[in-house]
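Open the model in your viewer and keep the sequence panel beside it. Each stop below says what to select and what is there.

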Amino acid sequence: MSNVAQNILEIKKEIPAHVRLIAVSKTKPVSAIQEAYECGQRIFGENKVQELCDKAEILPKDIEWHMIGHLQSNKVKYMAGFVKLIHGVDSLNLLKEIDKQAKKNNRVQDVLLQCYIATEETKFGLSEEELIQILKSEEFKTLRNISVRGLMGMASFTSDENQIRKEFKSLKSLFEKIKTDFFSSDSNFSEISMGMSGDYKIAIEEGSTMVRIGSSIFGTR
Ligand SMILES: *Cc1c(COP(=O)(O)O)cnc(C)c1O
């Protein structure tokens, strides 16, 4: 069995059945994705639109492609026909463009809204106030071709487990609040995408429903 396959099977043992594993294959060759595919992995995450589209064209059509990186509006159209879930949506303008491109493709696009939970300055994402402002806006309510499936967040890059746990807890409680206030009758709003190679076990303990794991599967980049 390949290393990639072994890593996936090991990680799967750590993940409860209600949590989905997104295998983050950015920068890795198609051959590595094939190894993961052959051991049953079907969900892959990429952070560049061009790379995602190139790989999707070559690889089996039953793969679910997730866009996990920061996304520019002008790139949405290239993947709008097939991308399964867009994790990193962090502005109303981007939501509008995704809605427009989804409509052209006769689709309803699943998205997650990325929230800022880290203490670092560099991480993308919406503050709680910005998130609420978007959800309350009249423009948001007119978007028919997007389905907001939940929230996504990234913890600080630190070895301080308490800090990481605190940040994941804050995303979980924000999720509960937003669900109550804006999506109480929408069962589609059900996902919390949090947890990477270094912190996914903590994320799962704090309520993650999707973990995005790259280097622990495919090796360092
Ligand atoms: C690269 C990346 C991951 C995976 O990171 P690893 O530490 O390699 O598991 C997860 N989420 C996002 C948004 C990423 O860009």
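A residue counts as exposed when its relative accessible area is over 50%, and as buried when that value is under 20%. Keep in mind during the tour that this is a predicted model.

**Stop 1: two exposed loop residues**

Select N106, in the loop between α5 (92-104) and β5 (109-115). Its relative accessibility is 73%, so N106 counts as exposed. Look at the backbone as well: N106 is not a glycine, yet its phi is positive, at about 55°.

Now go to T27, which sits in the loop between β1 and α2 (30-38). Is T27 buried or exposed? T27 has a relative accessible area of 56% and is therefore exposed. The phi of T27 is near 70°, again a positive value in a residue other than glycine.

**Stop 2: strands β1 and β8**

Select residues 20-24, which form strand β1, and add β8; the two strands pair in the parallel sense over four bridges. Within this pairing, A23 stands opposite I213 in β8.

Stay on β8, residues 210-213, and colour its two faces separately. M210 and R212 point to one side, V211 and I213 to the other, and all of them are buried. Both faces of β8 are thus covered.

**Stop 3: the ligand**

Select the ligand and show the residues around it. Which residues surround the ligand? They are V24, K26, I68, M152, M154, M196, S197, R212, I213, G214, S215 and R221. By type, this shell divides into six nonpolar, three polar and three charged residues.

Next, check three distances to oxygen atoms of the ligand. From K26, a polar side-chain atom lies 2.7 Å from a ligand oxygen. In the side chain of S197, an N or O atom is 2.5 Å from an oxygen atom of the ligand. At G214 the backbone takes part: one of its polar atoms is 2.8 Å from a ligand oxygen. On its own the ligand has 390 Å² of accessible area, and the protein covers 90% of that.

**Stop 4: S197**

Keep S197 selected and hide the rest of the shell. S197 is in the loop between β7 (191-193) and α9 (200-205). Its side chain makes a polar contact with the side chain of S215, at 3.3 Å. Beyond its neighbours within four places in sequence, S197 is in contact with R212, I213, G214, S215 and S216.

**Stop 5: a buried loop residue**

Select V83, found in the loop between α4 (76-79) and β4 (85-89). Here the relative accessibility is 1%, so V83 counts as buried. What does V83 contact, leaving aside its neighbours within four places in sequence? The contacts are L52, W65, H66, M67, R107 and Q109.

Add N93 to the view and draw a line between the C-alpha atoms of V83 and N93. These two residues are ten apart in sequence, and the line spans 19 Å.

**Stop 6: helix α8**

Finish with helix α8, residues 161-182, and pick out Q163. With a relative accessible area of 15%, Q163 is buried, because the limit for that class is 20%. Its side chain makes a polar contact with the side chain of E167, at 2.6 Å. Not counting residues up to four places away in sequence, Q163 touches T119 and T158.

Methods: Residues numbered from 1 in each chain as written. Predicted model: local features only at pLDDT ≥ 70, side-chain atom pairs only at ≥ 80, totals over all residues. Heavy atoms only, no water. Buried < 20%, exposed > 50% of the residue type's maximum accessible area, 1.4 Å probe, protein only. Pairing = 2+ DSSP bridges. Near = heavy atom within 4 Å. Polar contact = N/O pair within 3.5 Å; in protein donor to acceptor, adjacent residues only side chain to side chain. Areas by Shrake-Rupley, 256 points an atom, 1.4 Å probe, with all protein chains shown as cover. Nonpolar A, V, L, I, M, F, W, Y, C, P; charged D, E, K, R; others polar. Contact = heavy atoms within 4.5 Å.
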